Amino acid sequence: MGRRRLIDGIRWRVRTGAPWRDLPQEYGPWQTVYGLFRRWQRDGTWPELLTRLQARADAAGLITWEVNVEFEKLRGRQGLLKHLESLPWPHPHTVQVLLRDQDDDCFGLWMFQEGRLVEVTISRTERFHQPAPPNEDFEPYPGMLLRTDQNTDLPEQTPEARRDTRSPW
């Protein structure tokens, strides 16, 4: 019996979640398929295969790398985007950066364009700003994105003249 048939049997079982004993006969005896699965599980073959496949897909530019940054509202976040731009991304066109805080407030989505992280417009959202802080001792606040398609009352937008003009990132 060919190893390919056994691997297809393992894939069928993992995909369906069915008990091993319900494996269709076309993949061979379920005990044989299960035996290969367990042997590769014990000797580390599965993680090795995953690592190799990921490396091949990454080299071909087929993997999208998502960076999910969570920060505390009171901690400094200035320089974050410049720092992320400086990292050696193997395929920068696949990088997506989502910024949010510990309260799950969303501050935006950025993607690389010509070597720089540029904010991407997210449909059905609007950035709402708070008034600027009283002095420079306070961190700049970026304003958070709120969904505009939920039929809920949105906060009153702070007039532009009262917003913080410093870059929060």
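Helices (H or I, at least four residues) and strands (E, at least two) are DSSP runs, numbered from the N terminus. The model on display is a predicted one, in which local features need pLDDT of at least 70 and side-chain atom pairs count only at pLDDT 80 or more, while totals for chains, interfaces and linings use all residues. Residues are numbered from 1 along each chain as its sequence is written, and side-chain values use heavy atoms, with hydrogens and water left out.

Begin with the whole chain, which holds four helices and six strands, and colour it by element to follow the order α-α-α-β-α-β-β-β-β-β from the N terminus on. Of its 169 residues, 30% count as buried (under 20% relative accessible area, with exposed being over 50% and partly exposed in between, for a 1.4 Å probe and protein chains only).

Next, select helix 1 (residues 3–16) together with helix 2 (residues 30–43), whose axes, as lines fitted to C-alpha atoms over the stretch in contact, come within 9 Å and cross at roughly 85°, on a scale from 0 to 180 degrees between N-to-C directions. Helix 1 is therefore roughly perpendicular to helix 2, a label given to angles of 65 to 115 degrees. Show the side chains of R3, L6, I7, G9 and I10 on helix 1 and of T32, V33, L36, F37 and W40 on helix 2, which make the contact (heavy atoms within 4.5 Å). These residues divide into seven nonpolar, two polar and one charged, where Ala, Val, Leu, Ile, Met, Phe, Trp, Tyr, Cys and Pro count as nonpolar, Asp, Glu, Lys and Arg as charged, and the others, Gly among them, as polar.

Move on to helix 3 (residues 45–59), whose 15 residues reach 21 Å from the first C-alpha to the last, close to the 21 Å expected at 1.5 Å a residue (1.5 Å times one less than the number of residues). Just after helix 3, stop at G61, which takes a positive phi of about 75°.

Now select T121, in the loop between strand 4 (116–120) and strand 5 (125–128). T121 has a relative accessible area of 75% and is exposed. Add G108 to the selection: T121 and G108 are 13 residues apart in sequence and, C-alpha to C-alpha, 8.1 Å apart in space.

Finish at T158, in the segment after strand 6 (144–147). T158 counts as buried, because its relative accessibility is 9%. Leaving aside neighbours within four places in sequence, T158 is in contact with H129, Q130, P131 and R163.

Methods: Angles under 35 degrees count as roughly parallel, over 145 as roughly antiparallel, 65 to 115 as roughly perpendicular and the rest as oblique.
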